[in-house]
Amino acid sequence: STMGRLLLRLIEATDGKVFFEGTDINALSPSEMRQMRRKAQMVFQDPYGSLSPRRSIVDIVAEPLEAFGMVRNQRDKRERVAELLTQVGLPASIMDRNPRQFSGGQRQRIGIARALSLQPEFIICDESVSALDVSVQAAVTDLLMEIQRKEKTTLLFISHDLSIVRYLSDRVMVMYLGHVVELGTTDQVFSPPYHPYTEALLSAVPIADT
């Protein structure tokens, strides 16, 4: 989660470099960084804390669009938000409600719609299904995969649940105490021998036993 925030400069790095399309984002000015955020967005872990309870869904989802001047008027704004909500499997009719009226899975879909609003090339999903029930996790995971296929968006998916990581990912990096201990294709990382931490994560995955 710390690394994910560093990649978007939501927190500042004390050392090292982060390259996006060949540019070190830590060297960008505030105005340059603002433009970079049109290309990279984040879906946060907590669907209850990441959406303002006092704002309507239409204002939450349209906030990035308004910040970058990508909607001309209220009609344009509502039409674009309706498209985004439909894209994440929610009816456009909910846009005038508040987040408190929705379940965790629905809130996370709203967060995904907000992240998609600028059509980013790169989305960081920070434990974005860990707070959800298992059945809802599956639906949101499938939604993310569908978005990746259709939009060709790169996803960085952060999770401790290796069953979801294995299902979603082309490449996997395992970190332990802030250090990279394994890095490779999904098949490589999930084939023995494992690093002890990877083995511990794998052993935590529940297995159905009838």
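**Exercise 1.** Which residues of helix H3 (residues 57-67) are buried? Identify also the helices against which they pack.

*Solution.* The model examined here is predicted.
Step 1. A residue counts as buried when its relative accessible area is under 20%.
Step 2. In helix H3, the buried residues are Ile57, Val58, Ile60, Val61, Ala62, Pro64 and Leu65.
Step 3. An α-helix has 3.6 residues a turn, so residues three or four places apart point the same way.
Step 4. The buried residues of H3 pack against two elements, helix H4 (74-87) and helix H5 (104-116).
Step 5. Just after H3 comes Gly69, whose phi is positive, at about 65°.

**Exercise 2.** Determine whether Thr198 is buried or exposed, and describe its surroundings.

*Solution.*
Step 1. Thr198 belongs to helix H9, which spans residues 196-203.
Step 2. Its relative accessible area is 1%, and Thr198 is therefore buried.
Step 3. Leaving aside residues up to four places away in sequence, Thr198 touches Leu162, Val174, Glu182 and Val189.
Step 4. With Glu182 there is a polar contact between the two side chains, at 2.7 Å.

**Exercise 3.** Name the residues that make the nonpolar surface patch of about 340 Å², and classify the accessibility of Met175.

*Solution.*
Step 1. The patch is made by Met173, Met175, Val180 and Leu183.
Step 2. Strand E6 (171-176) and strand E7 (179-185) are the elements that each give two or more residues to this patch.
Step 3. Met175 is located in strand E6.
Step 4. Because its relative accessibility is 32%, Met175 is classed as partly exposed.

Technical notes: Residues numbered from 1 in each chain as written. Predicted model: local features only at pLDDT ≥ 70, side-chain atom pairs only at ≥ 80, totals over all residues. Heavy atoms only, no water. Patch = residues over 30% accessible without salt bridge, like charges linked within 9 Å, V, L, I, M, F, W, Y side chains within 5 Å. Areas by Shrake-Rupley, 256 points an atom, 1.4 Å probe, with all protein chains shown as cover. Salt bridge = Lys/Arg side-chain N within 4 Å of Asp/Glu carboxyl O. Helix = DSSP H or I, 4+ residues; strand = E, 2+ residues; numbered from the N terminus. Buried < 20%, exposed > 50% of the residue type's maximum accessible area, 1.4 Å probe, protein only. Polar contact = N/O pair within 3.5 Å; in protein donor to acceptor, adjacent residues only side chain to side chain. Contact = heavy atoms within 4.5 Å.
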